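Me: I would like a close look at one part of this model, with its surroundings worked through step by step.

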Amino acid sequence: MSLEFFLWGLLSLFSLLIGMKFLFMYLKDKDKKKLMISIGFLCNIITFTYILLGYHRTGTEIKYFYDLFGWGATPLILALFFSLTERLFNLQKKLDLIFRIYLLIVTSTFLIYLFGIINYPVNAMYMSFLSFIILIFSVILIIKFRDLSSVFFLLSQVFFTVAGYTLGAINTKVAQISDFFPLICFFVAFIFLSTIFILPSTHGQQMSTNSLFSIMKELEESERKRRESISRYDALFNSHSDLIFIYDFSGNFLDANEASLKITGYSKEEIKNLNFKDFLDKGQLLKAFRVIREIKKNGFQKKPEEYRIKSKDGKIIDVEVISSVIIEDGKRVALQGIAHDINERKNAERQILREKLFSESLLESLPGVLYFFDEDGHFIRWNKNLEDISEYSSNDISNMHPLNLFGIDEKHRINDIFNEAFQKGDTIFEADLVSKTGKKIPFYFTGYRLNIEQKNYLIGVGIDLTDLKQTELELQYAHEQLTKINRDLEIKVDKRTAEIKKLLNQKDEFINQLGHDLKNPIGPIINLIFLLKKRDKNPENKQIFEVLDRNINYIKNLVIKTIQLARLNSPDTMLNYEDINLREEINNVIDQNKYLFIDNNIKIKNNLTDRLIVSADKLRLTEIFNNLISNSVKYSKDSGKITFNAKSDHNFVTVSVEDEGIGMTDEQKNRIFDEFYKTDASRHDFDSSGLGLPICKRIVEKHGGKIWVESKGLGKGSIFYFTIPNNKGKRVN
């Protein structure tokens, strides 16, 4: 047996062992890369067997064997190519697809070689190209990972390539080369591979874990753990409710978490272009850089610092910041600041401060004194007024008992009041406050009990009554003077009232007597004129009799209405109330005056319903309607319309009589109900006495109602309103 035969056999055995090793590793962790390497080494045995039999020099008539010799190295080269490709391009998730492609190519090339579709030279070129790519990937692997295993792998690939080229040259008889040269190359290549895959490392671990693919696996696992660690850090970084900033020693921001971006309003890209000065005013900026110098010197920040930072929209945010150094490779590369949002706390503090200032201002601005002491009589709080009025200093008051502010004769009473207040909860009392110089000032005190931490206190105010007491004396004197004046005035008023009543009675008696005195001779005169008018046939005297008749009737009407008004003014005049259907009553009055309406071309409209029942004196109510109708007809134009309306409101019915007459001015409306008043147009009208509307006014008032007139002006008509009790209303007598 030759030495060459032994060495080729040994190489075949090594290839078998390495293939089996990778197969066991695959069965353990199901890594498809190891299965590809295992297939490659096991298939490579075909090449070594061909050489072992010496066919690489002598050739063989077994064509299939020769073709398989060319194909034997293909699976291993493809396995190394795909493994390196997966590692360099991080195709871990697509490893199953890569394995299927590997099997497809291995199977396809096997069939191609088996049926002689491709000859050996073409295969050699194909294998050379893949070997060249593998060498390039190996160099990239060294550059990327910079470890010894990558160097060993590159060296093994170099010697495998050299061995392959040498065998090709021997097989094609291109050169006369001894078998020892490819044997040495294969052995060196196997030594480097053994160093990577088999031999134990200097760290006591199996080198299989430091093999190329195990290293890849570990690197992938390390990368995965690193990414998970970064992911967890990012999750913690971004989910933290506090503001977290990364910045350099010049105050330039490098990164910020989601809470920082949300509160400040900046995006991550915007904040990386910002500096401390974009967030802080000048005073705070100096403090921030002082803290940075402190951290650089001591390596840490001794205590948190408070800042007021500006958000993107100009809003001020209060934060409390603590910073620390970020160290990489033993160097201080940046700073990390954690800012806690204390906006609510600072707002609460500012609110408390405002409330304190407000309370102190309020206490000091009180017009009186304020006191606050405990059950033992120790003053807790008081205002400046108490010092000013009592003339005691702040130190004096803090060391004195509240009872010492009162006179000796009042202390026992005041002590009882304080004790009662502590028991019942409140008190009010009047007492003289005695100043340090003995001056007595009257005060009105209030007190209210407070319980703070299981201890009772009394708080209250005192109002100076000096001015009030003086005012009371002045008011008392003024009241006495006013009472005296009132008594004198009442005597004078009673006297004048009696005189007026006497005059009114005398006037009513005079008018009544005058009416009777005038009424008695008027009757015979009227009758006499009538007889004379009837007997005298002279047409020239007819006009004289008409003048006499008109004037005597005017006097008669004036006397009757004067007597009627005098009776209405008398308190002895009584009304005869009865329930009256207002619509029917108006219809009766309209019927009585129908010839008056016909003669003056007046249209009448009664809008009342049958449901309106009033309680009134029927004769007096008829007189009201007659007077109002007569007034409307008298002051209407050649033709017109009179409208009656009414509405019920609680205990009264409001009646209105509307005409389209000459209307009234404001002055006429104010005087229309005065006795003997006539408008300018009717001042010399003998049909008008000037007493019709005053009589209506007295009748309405006797019923407890009121009467008034409305007009939009001259030529725009008038509306007379009056109220009368309904049958549910209170009757007035």
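What covers the buried residues of α14? Please start there, and then go on to the other helices.

Reply: The model is predicted, and what follows describes that prediction.

The cover over the buried residues of α14 includes the strands β3, β4, β5, β6 (369–374) and β7 (379–382). Helix α14 itself runs over residues 343–365, which is 23 residues. From its first C-alpha to its last it reaches 32 Å, close to the 33 Å expected at 1.5 Å a residue. Buried in this helix are N343, K346 and L363. N343 and K346 can be looked at with one rule in mind. An α-helix has 3.6 residues a turn, so residues three or four places apart point the same way.

Helix α13 can be read in a similar manner. This helix covers residues 282–298 and has 17 residues. Its span from first to last C-alpha is 24 Å, close to the 24 Å expected at 1.5 Å a residue. Its buried residues are Q284, L285, A288, V291, I292, E294 and I295. They pack against β1 (243–247), β3 (305–310), β4 (316–328) and β5 (331–341). The strands β3, β4 and β5 thus appear both here and in the cover of α14. Just after α13 comes G299, which takes a positive phi of about 85°.

Next is a pair of helices that pack on each other. Helix α5 (residues 74–88) meets α6 at an angle of about 160°, and their axes are 10 Å apart. The angle is over 145 degrees, so α5 counts as roughly antiparallel to α6. On the α5 side the contact is made by T74, P75, L78, A79, F82 and E86. On the α6 side it is made by L95, I98, I101, Y102, I105, V106, T109 and Y113. Sorted by class, this contact has 11 nonpolar, 2 polar and 1 charged residues. The crossing of α5 past α6 is right-handed.

One residue of that contact can be followed further. V106 lies in helix α6, which spans residues 95–114. V106 has a relative accessible area of 8%; buried means under 20%, so V106 is buried. Leaving out residues up to four places away in sequence, V106 touches W71, P75 and L78. Both P75 and L78 are also listed on the α5 side of the helix contact. T74 is another residue on that side. The C-alpha atoms of V106 and T74 are separated by 7.3 Å, although the two residues are 32 residues apart along the chain.

Technical notes. Residues numbered from 1 in each chain as written. Predicted model: local features only at pLDDT ≥ 70, side-chain atom pairs only at ≥ 80, totals over all residues. Heavy atoms only, no water. Helix = DSSP H or I, 4+ residues; strand = E, 2+ residues; numbered from the N terminus. Buried < 20%, exposed > 50% of the residue type's maximum accessible area, 1.4 Å probe, protein only. Contact = heavy atoms within 4.5 Å. Expected span 1.5 Å × (residues − 1). Axes fitted to C-alpha atoms, helices over the stretch in contact; angles between N-to-C directions. Parallel < 35°, antiparallel > 145°, perpendicular 65-115°, else oblique. Left-handed = near helix turned anticlockwise from the far one by under 90°. Nonpolar A, V, L, I, M, F, W, Y, C, P; charged D, E, K, R; others polar.
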